[in-house]
Amino acid sequence: MSSAMRMMKSRPRPSPRQSRVTAATRTREAHGKARLPATILDHTRQIEHAMTPMAAALAAWGKRLAASELRRAVADPHRYAGVKKAADLSGLSAIDREIATILLRFGMTRAADVANRAAGQVIFPGSMLRDAIAGKPVKIKVFEEMRDGIVSRASDITAQTKDHIREQVRGIITDSTQREKPLTTGDIIRRIATEIDPIDDPESPDAGRKVGFSWARAELIARTELTQVENTARVAGFDTTGVETLEWVAYSDGRSGDRHHERMDGKTWRRGDRIKTPLGNRLLYPGDPTAPIEDVAQCRCTVIPARRR
C-alpha cells in the first residue's frame, strides 16, 4: 500500500450526524420562532423528520463515492484529471447506482404516504411502492414519471459529485506544475491525499477545507427531493378527490432569498395550469420537478386545496 493510500485510510472518521435531534427541534433551528400556519408547520415537521435519515444515507453514500474517486486520483492523478465528464449510471459500479436506490426508497415511500392521505384512500398500495422502488412498471402515470425523474436526478448528482472532485484534483495539479520548481507526481499524489477529504465533519465543518461531498449538500438534496415528491404526490391525491383549485402556502419569514416565495403565499390557480413565480418561472406547484433548480432547491412551500375567501 502506498504512503498516500495509508494517509487516506488513517484519517479520523467524522462523527455521525446526531439523528436523535427531533423534527420539532430542527424546525425551530431552521425557521426560528416565527408563528407558522398549522398547514405549513405540519409540512415542515414531516419533511424534517424524513430528512434526517435520508441525509445520513446520502452522506454515507457521498463519502464512499468520494473515497473511491480519490483512490483513483492518487493512483494516476494526470489520467484521472484528464477525464472530461462523468458518465451516467448505466454500466457503472454498485456505489454509483446506490444513490438512485436511496432517493427511490425515501422519496417513493414518502410519496405513497402523502398521496394516500391527500386522496383519503389508498391509491398507491404497498405492492405498487415496491414495484416503483425496484424499477418495475407502475399503473399510475404520475408515479412512474416521479420514479423516472428520481433516477435521472440521481445520475446528475453522481456526475456532479465526480466532476466536483475532478476539478479539485485538476486545481492541485495545475498549482503544482505551474510553480517555479514544479512538484513531482509523488508530491502531487501526497497533496491530493492530504488536501481533499471524502466528506466534512458535520460537527465542525471547515469552510476552507476541500471535500468531495458535504453534509450540507446531503441535506440540501434530501430536503429538495422530499419537497418535490411530497407536493407531487399531494397534487396526485387532490386529482383523485376532484380538487380543481390549488393554493400556494409559503413562509413569510424572509428566508426564501431572491426567489421571494413569501409573495406566493395564498395565491391560487387551477390544477394542471402553471403559476408564475417572482423569478419568472412557471410551476405546476411548489417543488415542481420540471422547474429550474433555483425555484425548487431547499423550497419549504407546500400546496393545499384552495380555501374559500
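Which residue follows H9, and what is the sign of its phi? The points below answer that and go on through the rest of this predicted model.

1. **The end of H9.** Gly-242 comes directly after helix H9. Its phi is positive, near 85°.

2. **H9 itself.** Helix H9 covers residues 215-241. Its 27 residues, at 1.5 Å each, should span 39 Å. The C-alpha atoms at its two ends are 39 Å apart, which agrees with that expectation. Of the 27 residues, 21 are buried, so H9 is largely enclosed by the rest of the structure.

3. **The second largest pocket.** H9 also helps to line a pocket: at least two of its residues belong to the lining of the second largest one. That pocket has a volume of about 420 Å³. Helix H7 (141-177) likewise supplies at least two lining residues. H7 in fact gives the most, with seven.

4. **What lines the pocket.** The lining of the second largest pocket consists of 21 residues. Nearest the centre lie Val-142, Glu-145, Thr-232, Leu-284 and Tyr-285. By class, the lining has 10 nonpolar, six charged and five polar residues.

5. **An edge-to-face pair.** A search of the whole structure turns up three aromatic pairs. In one of them, Trp-61 and Phe-213 meet edge-to-face, with 5.7 Å between centres and 90° between planes. This pair links distant parts of the chain: Trp-61 is in helix H3 (residues 38-75) and Phe-213 in strand S2 (residues 210-213), 152 residues apart. Are the two partners buried or exposed? Trp-61 counts as buried because its relative accessibility is 0%. Phe-213 is buried too, with a relative accessible area of 1%.

6. **A tilted pair.** Trp-248 and Trp-269 form another aromatic pair. Their ring centres are 6.1 Å apart and their planes stand at 55°, so the pair is tilted. Here too, distant parts of the chain are linked. Trp-248 belongs to strand S3 (residues 245-249) and Trp-269 to strand S4 (residues 268-270), 21 residues apart. Trp-248, at 0% relative accessibility, counts as buried. Trp-269 is buried, with a relative accessible area of 7%.

7. **Arginines over tyrosine rings.** Which residue lies over the face of Tyr-80? That is Arg-166, at 4.6 Å from the ring centre. Arg-300 takes up such a position over the face of Tyr-251, at 4.1 Å from the ring centre.

Methods
Residues are numbered from 1 along each chain as its sequence is written. This is a predicted model: local features need pLDDT of at least 70, side-chain atom pairs count only at pLDDT 80 or more; totals for chains, interfaces and linings use all residues. Side-chain values use heavy atoms; hydrogens and water are left out. On a 1 Å grid over the protein atoms alone, a cavity is a set of points where a 1.4 Å probe fits but cannot get out, and a pocket is an open set with protein on both sides within 12 Å along at least five of seven lines; lining residues have an atom within 4 Å of a point. Grid points are joined across faces, edges and corners, and a volume is the space filled by probe spheres set on the points. Helices (H or I, at least four residues) and strands (E, at least two) are DSSP runs, numbered from the N terminus. Ala, Val, Leu, Ile, Met, Phe, Trp, Tyr, Cys and Pro count as nonpolar, Asp, Glu, Lys and Arg as charged, and the others, Gly among them, as polar. The expected span of a helix is 1.5 Å times one less than its number of residues. Buried means under 20% relative accessible area, exposed over 50%, partly exposed in between (1.4 Å probe, protein chains only). Rings of Phe, Tyr and Trp (its six-membered ring) pair if their centres lie within 6.5 Å; planes under 30 degrees apart count as stacked, over 60 as edge-to-face and the rest as tilted. A charge sits over a ring if NZ of Lys or CZ of Arg is within 6 Å of the ring centre and within 35 degrees of the ring normal.
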